[in-house]
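Good morning, everyone, and thank you for letting me talk through a structure today. Please have the sequence and the model open in front of you, and follow along as I go from residue to residue.

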Amino acid sequence: MKYIHQEKGWPGFKWDMMILLDPLVKATHKHGILLGQLSGLAPSLRAKPELESLTREILATAAFEGWDLTPNCVRSALAQRLGIDIVDSVEPDPLSAGYATLLIDAVKNTDQHLSAERLFAWHSYI
């Protein structure tokens with residue numbers, strides 16, 4: 001596995017927008033459909049799909065970074081931060097809690113600029 005900082009020419013990024021355009025349009029369309037479907041649900045029913053989606057995102061990201069997190073710890077950390085009561089709640093480990101804090105900030109505060117301070121705060125969580 002090669003990290004982005006190991007690529008030749010780092011940190012200069014080059015990409016072909018024509019290659020990326022179709023997958024980005026498809027992903028944006030699917031995202032819009034999902035948001036539309038979720039908006040029709042009561043808030044209590046929206047919480048579970050959001051929790052599961054965020055849990056999967058953290059587990060995949062952590063695995064990419066070489067961390068093996070326990071799904072229940074991640075789910076519990078997210079539920080605590082989102083104010084959701086879950087049946088199988090456990091005490092989350094610090095790494096799961098850090099990932100939860102980071103991801104919730106990233107997805108809930110998309111209107112905020114990615115400043116150096118915010119980025120370094122994310123690094124401090126994990």
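I would like to begin with S76, which sits in helix 3, the helix that covers residues 71–82. Please keep in mind throughout that what we are looking at is a predicted model. Is S76 buried or exposed? Its relative accessible area is 0%, and because buried means under 20%, S76 counts as buried. If we set aside residues up to four places away in sequence, S76 touches I86, D88, S89, V90 and P92. The side chain of S76 also reaches back to the backbone oxygen of N72, at 2.9 Å.

One of the residues that S76 touches, D88, takes us to the charged side chains. As a general point, side chains of opposite charge can pair when their charged atoms come close. How many salt bridges are there in this model? The count comes to 5, and I will go through some of them.

The side chains of R75 and D88 form a salt bridge, with 3.9 Å from N to O. This pair links distant parts of the chain, since R75 is in helix 3 while D88 is in the loop between helix 3 and helix 4, 13 residues apart. R75 also meets E52 in a salt bridge, here at 3.1 Å from N to O. E52 lies in helix 2 and R75 in helix 3, so this pair ties together parts that are 23 residues apart in sequence. Taken together, E52, R75 and D88 are linked in a network of salt bridges. As for their surroundings, R75 counts as buried at 15% relative accessibility, whereas E52 is partly exposed at 23% and D88 is partly exposed at 37%.

Another salt bridge joins the side chains of D22 and K26, at 3.2 Å from N to O. Because D22 and K26 are 4 residues apart in helix 1, about one helical turn separates them. D22, at 43% relative accessibility, counts as partly exposed.

Let me turn now to the nonpolar residues. In soluble globular proteins, nonpolar side chains tend to be buried together. The largest nonpolar core of this model has 17 residues, and among these I58, L69, L78 and Y99 touch the most other members. Which elements give two or more residues to this core? They are helix 2 (43–64), helix 3 and helix 4 (94–108), and helix 4 gives the most, with 6 residues. If we leave aside neighbours within four places in sequence, Y99 is in contact with I58, T61, A62, E65, W67, L69 and I126.

There are nonpolar residues at the surface as well, where a patch of about 1200 Å² is made by residues including I4, W10, F13, W15 and M17. I4 itself is placed in the segment before helix 1, which runs over 17–39.

My last stop is R118, which is found in helix 5, residues 116–125. With 11% relative accessibility, R118 counts as buried. Which side chain does the side chain of R118 meet in a polar contact? The partner is the side chain of D105, at 2.9 Å. Apart from neighbours within four places in sequence, R118 is in contact with D105, A106, N109, Q112 and H113.

Conventions: Residues numbered from 1 in each chain as written. Predicted model: local features only at pLDDT ≥ 70, side-chain atom pairs only at ≥ 80, totals over all residues. Heavy atoms only, no water. Patch = residues over 30% accessible without salt bridge, like charges linked within 9 Å, V, L, I, M, F, W, Y side chains within 5 Å. Areas by Shrake-Rupley, 256 points an atom, 1.4 Å probe, with all protein chains shown as cover. Salt bridge = Lys/Arg side-chain N within 4 Å of Asp/Glu carboxyl O. Buried < 20%, exposed > 50% of the residue type's maximum accessible area, 1.4 Å probe, protein only. Polar contact = N/O pair within 3.5 Å; in protein donor to acceptor, adjacent residues only side chain to side chain. Contact = heavy atoms within 4.5 Å. Core = buried A, V, L, I, M, F, W, Y, C linked by side-chain atoms within 4.5 Å.
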